[in-house]
Amino acid sequence: MVDYIVVGGGPAGCATAGRLSEDASTSVLLFEQGPRDTNPYIHMPATYFKTAKGNLLTRYRLQPQRHQNMVTPEIVQGRVLGGGSSVNAMVYMRGCPEDYEGWAAMGCDGWGYDDVLPWFKKAEDN
Ligand SMILES: Cc1cc2nc3c(=O)[nH]c(=O)nc-3n(C[C@H](O)[C@H](O)[C@H](O)COP(=O)(O)OP(=O)(O)OC[C@H]3O[C@@H](n4cnc5c(N)ncnc54)[C@H](O)[C@@H]3O)c2cc1C
């Protein structure tokens, strides 16, 4: 018996499972369809091109794109513990401060740029 089951071990699933399991009395089961994140290129900066081949990605073929001359682009998603964050290019994008201020003005308390900036810095390991 577990208290929570989290499906998908990408950033969202790992953060959710991690936060839930901070309470030692809570049991959490995390399901990830891909392998563990033992591939060395996951842990080496700027080598994401090495993980772009092999079995760490799911490759989706899109339907013919009417506004792109009917091409059928391939879209890849991470399929490994850590999800896309295990295979991504480490490009950090904080977004536009004005967007956050706009959401805060619409009533999203805690979503102003000054509110979210410390969390971006924490994620970036500054
Ligand atoms: C090649 C690549 C490069 C990228 N580069 C950057 C970058 O430089 N900077 C940036 O900010 N973002 C980048 N991204 C995007 C970023 O990685 C994603 O936005 C982020 O990982 C999304 O997190 P998520 O938890 O929502 O989903 P995902 O990371 O997609 O995680 C979902 C997880 O769920 C698992 N899963 C799915 N279905 C099931 C199931 N039925 N059972 C069990 N497990 C399941 C998948 O295997 C996967 O591990 C990149 C993504 C890719 C794929």
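**View 1. Strands β1 and β2 run parallel in this predicted model****.** Strand β1 covers residues 4–7 and strand β2 covers residues 28–31, and 4 bridges link the two in the parallel sense. If you would like one pair to look for, take Val 7, whose bridge partner in β2 is Phe 31. To get from β1 to β2, the chain passes through helix α1, residues 11–20. The resulting β-α-β crossover is right-handed.

**View 2. Polar contacts join the ligand to Pro 11, Glu 32 and Val 91****.** At Glu 32 the side chain takes part: one of its N or O atoms sits 2.7 Å from an oxygen atom of the ligand. Pro 11 uses its backbone instead, with a polar atom 3.2 Å from a ligand oxygen. Val 91 also contributes through its backbone, where an N or O atom is 2.7 Å from a nitrogen atom of the ligand. On its own the ligand would expose 1000 Å², and the protein buries 61% of that area.

**View 3. A shell of 22 residues surrounds the ligand****.** Which secondary-structure elements give two or more residues to this shell? They are helix α1, strand β4 (74–78) and helix α4 (84–87). The residues that come nearest to the ligand are Ala 12, Glu 32, Gly 84, Asn 88 and Val 91. Here is the make-up of the shell by class: 10 residues are nonpolar, 10 are polar and 2 are charged.

Key:
Residues are numbered from 1 along each chain as its sequence is written. This is a predicted model: local features need pLDDT of at least 70, side-chain atom pairs count only at pLDDT 80 or more; totals for chains, interfaces and linings use all residues. Side-chain values use heavy atoms; hydrogens and water are left out. Two strands pair if DSSP finds at least two bridges between them. Helices (H or I, at least four residues) and strands (E, at least two) are DSSP runs, numbered from the N terminus. A crossover is right-handed if, with the strands pointing away from the viewer, the path from the first strand over the helix to the second runs clockwise. A residue is near a molecule or strand if one of its heavy atoms lies within 4 Å of it. A polar contact is a pair of N or O atoms within 3.5 Å; within protein, one must be able to donate a hydrogen and the other to accept it, and residues adjacent in sequence count only if both atoms are side-chain atoms. Accessible areas come from the Shrake-Rupley method with a 1.4 Å probe; for residues, only the protein chains shown count as cover. Ala, Val, Leu, Ile, Met, Phe, Trp, Tyr, Cys and Pro count as nonpolar, Asp, Glu, Lys and Arg as charged, and the others, Gly among them, as polar.
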